[in-house]
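Reader: Hi! I'd like a close look at one part of this protein, the open sheet and what surrounds it, in plain words please.

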Amino acid sequence: MLSFFKKKDAWGNGLSVWVLALLLFALPFLFSVLKTVEMDNEVEAWLPARDPQAVLLQWYNENFPVKDRLFMSWDGSGLDDPRAELLAAKLEGYVDEKGVARRGSPYIEEVLTPREFVEQMILLNIDQQDAIDGLTGIFVGEGALKVRLSDAGRARQKQIEQQIVDRLKTELDLDAVVLPPVSSWEAPPEFDSVAYIKQREIGLEDEELDDVEESDLEFIPAPPHDFQLGWHLIKTGSDLTAQVKEIVTQVGKTNSENPFVEDAFFHAGSPISLLVTLNEAGEADRKTALEDIDRIADECFIPTGTVHTAGRPVGSSMLNQEVEKAAFNPDAPWYLRSVIGLSTIVSFALSFLMVRSFRLGLLVLTISLYATLLTMTLIPLTGRTMNMVLVVMPTLLSVLTLSGAIHLASYWKHAAQRDPKNAIMNAVRMAAQPCFLASATTAIGLASLMTSTLNPVRDFGIFAAAGCGISLVCVLLVLPSLMQLWPGKAPEEHESDGRAWVGLADFLIRNSTVVVILCMGMFAFGLYGLRYFKTETKVVRYFPSDARIITDYWFLEDYVVGINTVDTIVRFDQEAQENLMFLERMEIVRSVADKIREHGEITGAISLANFQKPVEKPAEDARFFEKIGYNKRSNELEQRMRDGDIEAGNSLYTISQTDSDWKEPGDKALSGVGDELWRVSAQAYVMADNDYGLLMDELDAISDSVLSAHPGTSHSVTGMVPVFLRTQEALLESLIWSFGMAFGIIAVVLIVVLKNPIAGLITMLPNLMPVAFCFGTLSMLGISVDIGTMITASVALGIAVDGTLHLLTWFKAGIRSGKTREESIELALSHCAPAMWQTSAIVAIGLLMLAPASLLMISRFGILMAALIGSALIADIIFLPALLTGVLGYVIERTERKNIRKGNNESTGSRPEEKSDAADEIVEHATLEPTEANGSENSSNSSSISGPHHSAKSGSRQSEIEAR
């Protein structure tokens, strides 16, 4: 391949023209392919298809098909708010006063309102208050704590409010806020307060509406109160709430006859939530669907900015938008409109400073962008989609390619000073080995991520590792070709004798014990910090605290409903159906739902039993006709359910049509043909710092406590909560396995390079220390590791080992050339350190430009990667040289001298003093021609072993070199 770059004529090598032509020809194709890339950030898609939790979720979706749904509420909403039905009508479609069907939103399939549920329950002979109680925590909220003051308290209301807030903060460390009292919405004159109920195109039949209108649909308003007290994740029956009530009622109380606070209570009815189901168009374009909902809400007299939405469609849409903002955010200041662009610009500026040539800087940037573009096209070409993890890949690849390209440019500048005609060929020859080692070790770290069970992480490992290969080809083939086609004079290199680095080496040699102890102390500190290590996969945690999605989620979870759905599927097999009447089975499901509803992390739960009054089975000694009546009612209700006559039951009850296996083929662990499946749908907090593992265990225990007494019954817990739990477990597994694999492979590489297992393992310490220290510090700060920061460990290990190999190669070369261990450390550090810090600066600062990203996952990735690379630099130029003064250096020195003796004894026809590899030749050149070799390192920047450099000696050591 080297002859490819040999200068042949004024126009350079003809093959280079073909390389350029191929690049230009492929460019339109690459852009057209990139336009087809799709964004997909569905958490359910993170798990592989055969993962047990993914199988369970698929089975659940097949039996209880549920489309994209979101919860919607607004400030001041309530059961008596007529805007709810008007909004539902305009979203879903309605019939106007002339009987003409009006189309709703093109993105909405169905809207369910609390009033609609209450109406259905009343038709089924359920008391209105019982209906409201059953919907509380899902469709109906109890809101904040209502406080009613006495006449004396009202006279000093502001002081009472402040005193309550202060005491709650002091005594309970609770950040409470004072809210205005609940009040009914006053409709403007243009609002039709009668027709809105009958406008719904989809809803109750006319005769059913007549029945409902004859019943009592007047909702009881909240009792009089003066203000409300709110705090995060209010749970009416919790111990915290009881303590708050106690403090509130005691504030300003001088005697029992004249208290300032008369009462503190909750009242179900405000705010409320609507359940909005998107159709196929809405699922395909969630962003536009949410914008349309906001627009229609404004038409329904609900002010813009007071609407709150939450749920899977909202999280996925907002996540996609935040990922897109990393590429371009029109609302940000001009200098932060694209953090990815900013990273590219800063990396280019740094590379320009390093190579000191506009031509080289432009070529280096071109190669970097082209390699990144080529890698990104692999995503749509392989049928994959873009996600929040892959979005950081372009920046990572661009800075790594920049580093390798500057490496080659630095070699060319040095080679051009000696042989301008063959400078490119010589540069490629010298750069091939270090570039290959750099790409290989980085690719190992990236490829280790392929062991992850999480699809986004595995995709990142696959494409980023492929990108390393593409980057290597671009650096060793494409860049030299472009340099031939656009020739230029090499800039003069600045002389430097590296005295500062020799001084650092001498300092480390004199104080090696202290340095090793300090570095091992940092290592130990990091390992200790890992005790607090925890993972996080809740998508909502990736957003900044002032994002709309955060405020919306807090509003809904504080006052209405938990956002995460967790469903318990109760299964009655054929045996259970034969032994238990339908009404008996319903009461069993009711018991499960009631117990789940009482859990502290659950806001509400609903099942088919909510739509039927409790019916107790007649006792054994009951009258015959009483038993006959019970059996008849049970059979009739069962038949109606199986025929689908009860609309509310369609999503809460089904009969399994197939055998469904779970963990092993043929186990039928999920269901068998004819099994009866009852769904208990509960809502859990997503904003709370809860332990989903504990929650799942407790929900399992609740179901077992009820079902264990009934043979033939079983249950499965599924929904988003189990998915989040499984992804958290998979995230930790991925981190351990991928890092372990990267560690093992790289350790083998080092053992082979050093030809000694002890030396190879000791050398891994400087590569492990940055990862342990950074992740330990992160854990001690209470920051959870998300799916983005998780991938940095293996990536950083692959990058860190480049510098290690760089330094060790020069150290070994020094030993083989006859230098002492101390002289070899000086030689290695003076040659490697400049290139290492310049490379680290480009990569770290380039990635650090991702820090302003509004999506925390991207921001943390950039910050943590920069910290890891900075720590790796310290480990390589401080920790590793200190280790080389001790046992590690002794082992390597002994191994190298043994190999030299063995090589001399086995050599035939060659002089004993011949050097064994290119690195030895470089050392010899640095020794014999110090002036000519001087200064190349300061203008170079590499990610691995550097090319010919100066001999970094001073004083007597310089004389010693010249004497040799």
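Among contacts in the protein between residues at least 6 apart in sequence, what percentage join residues at least 24 apart? And could you then walk me through that open sheet?

Author: Sure. First, a word on what you're looking at: this is a predicted model, where local features need pLDDT of at least 70 and side-chain atom pairs count only at pLDDT 80 or more, while totals for chains, interfaces and linings use all residues. Residues are numbered from 1 along each chain as its sequence is written, and side-chain values use heavy atoms, with hydrogens and water left out.

Now your number: 81% of the contacts between residues at least 6 apart join residues at least 24 apart. A contact here means heavy atoms within 4.5 Å. For the wider setting, the protein has 35 helices and 15 strands; these are DSSP runs numbered from the N terminus, with at least four residues (H or I) for a helix and at least two (E) for a strand. Of its 964 residues, 58% are buried, meaning under 20% relative accessible area with a 1.4 Å probe, protein chains only.

On to the sheet. Strands of a sheet pair through backbone hydrogen bonds, either parallel or antiparallel. In this open sheet, 4 strands sit in the order S4-S9-S1-S10, and the pairing is antiparallel. Two strands count as paired if DSSP finds at least two bridges between them. At the edges you'll find S4 (108–112) and S10 (307–310), each pairing on one side only. Neighbouring strands are turned by 25 degrees against each other on average, direction ignored.

Zoom in on S1, residues 69–74: 4 bridges join S1 to S10. One spot to click on is Phe71, whose bridge partner in S10 is Ala310. Then look for helix H12 (residues 312–327), which lies across S1, S9 (274–278) and S10 and runs at about 95 degrees to S1. That angle is taken between N-to-C directions on a scale from 0 to 180 degrees, using axes fitted to C-alpha atoms, for helices over the stretch in contact.

What about the packing? Leu87 is a handy residue to follow: leaving out residues up to four places away in sequence, Leu87 touches Met72, Trp74, Leu274, Ile296, Ala297, Cys300 and Ile302. Leu87 is also one of the residues that touch the most other members in the largest nonpolar core, which has 239 residues. Such a core is a set of buried Ala, Val, Leu, Ile, Met, Phe, Trp, Tyr and Cys residues joined through side-chain atoms within 4.5 Å.

Terms used: Buried < 20%, exposed > 50% of the residue type's maximum accessible area, 1.4 Å probe, protein only.
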